[in-house]
Amino acid sequence: MVAIEGEEGMAGMVDSEAPPPVPGPRRAIDVLVLSDIHLGTGHCQARPLVAYLEGVAPRCVVLNGDILDLREMTKTYWPDTHAAILARLLGLAQEGIPVHYVTGNPADALRAIAPLAIGRLQLHHEVVLEIGGEQVLFVHGDVIEHGIRLPQVLRRMGCWLYHSARHLDRISRACGWRSLNLVGRLQRSPRVAAHIERFEQACAGHAAARGLSTIVTGHIHTPRARVISQGASAIRYLNSGDWVCSRSALEFCAADGWNLRRLDEHGQVLADGAAPSPASTPAEDGPGVGDLAGAGASS
C-alpha cells in the first residue's frame, strides 16, 4: 500500500503540424489519474494530452489501464505526440515521482508480468493507495465488466458497434467534417446507458466487498463521479474517462479533494467538478447520486 500525504502538492517531441506547447508554470496536484489513452492508435487525441501534461506537476500518477493499445498498435504508426506522452510519463518516474500502471484489457502481455516494479514505475493488476487519509482502490474495470451477465452475441455486437463508431468519428475528423460524435450518441442510447449503469453498480459492489468506500476505474470511456449505495454502505465511484472521445482526467488535491477535469482540443480545462463524498452525499440513487459528467462522451 502506498500513502499519499495530505499536504499540498510540490511544486519532446510533438506532431510536425502542431506547435510545441509553450513552457510555463505547472499547476501542482497531488494525484493525477489517466486511463484509456490508447497510444499507438489513430483514435488517441494525443496533442491536447501533450499540452495538458506540460501544464501539470503531479506528486503521484496512476495510469489506470489502456495506456498502450498493444492490440491495435502497429510498427508503422507511432507519431511524435505519442512518443512525447510516453516520454513525459516515464520522465516523471525518472524524477522520483511514483507512477502506478494498472493493466488493462488491450495489454494482456503486461498482465503476464505484473506485479512488477522498475524504480518508481510500478505495474499492478489493481492497487490500493492511501490518499488524503482514505484507502482508494484503482482497477481498470474490464475484469469487473466480464462478471456482468450478458449474452456473448450482444457483447460482441456492442464491441463491433463501438469500434465502428470510433472509426467513423476518426474519419470525419481527418476529413475536417463537422463532428459526428457517434461514440457519444451510442453511449447515450438506452441500452448502452443501462449497461454502463450495471458496470458502475458492479464496481461499487467490488469496492464494498473489499471494505473500501472509493473505487477509481476506466475501461468504459465514460468519465463519471457519483456516489452509489451498496446496502448500508455509500461507495464513491470515479471514472477518469478516456483520451479517445472525452479528453478527461481525474485530479486529487488536498485542498479540494477529487476533481473530474474535461479538456478542450488544446488541452485546456473545459469543465470540471468536485467529486461527491460518500460521507456528505446520501447513499441512494436518484437525488442522492452526484453525476458530474453524464453518460455520454463529449464531442
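## A hairpin and its neighbour

In this predicted model, Ala-117 stands opposite Gln-122 in strand E8, and this pairing belongs to a contact in which strand E7, covering residues 116-118, runs antiparallel to E8 and is joined to it by three bridges. The two strands form a hairpin with two residues between them, and in the turn Gly-119 has a positive phi of about 65 degrees.

Strand E8, which spans residues 121-124, also pairs with strand E6, made of residues 99-102, but here the sense is parallel and there are four bridges. Gln-122 is again a useful landmark, since His-100 stands opposite Gln-122 in E8, just as Ala-117 stands opposite Gln-122 in the hairpin.

## Helix H7

Helix H7 runs from residue 190 to residue 209, and its 20 residues reach 28 Å from the first C-alpha to the last, which is close to the 28 Å expected at 1.5 Å a residue. Within H7, the buried residues include His-195, Ile-196, Phe-199 and Glu-200, and Cys-203, Ala-204 and Ala-207 are buried as well. Just after the helix, Gly-211 takes a positive phi of about 75 degrees.

## The chain as a whole

Looking beyond these elements, the protein chain has seven helices and 16 strands, and 52% of its 299 residues count as buried. The chain exposes about 13,700 Å², and carbon and sulfur atoms supply 57% of this area.

Notes
Residues are numbered from 1 along each chain as its sequence is written. This is a predicted model: local features need pLDDT of at least 70, side-chain atom pairs count only at pLDDT 80 or more; totals for chains, interfaces and linings use all residues. Side-chain values use heavy atoms; hydrogens and water are left out. The expected span of a helix is 1.5 Å times one less than its number of residues. Buried means under 20% relative accessible area, exposed over 50%, partly exposed in between (1.4 Å probe, protein chains only). Accessible areas come from the Shrake-Rupley method with a 1.4 Å probe; for residues, only the protein chains shown count as cover. Two strands pair if DSSP finds at least two bridges between them.
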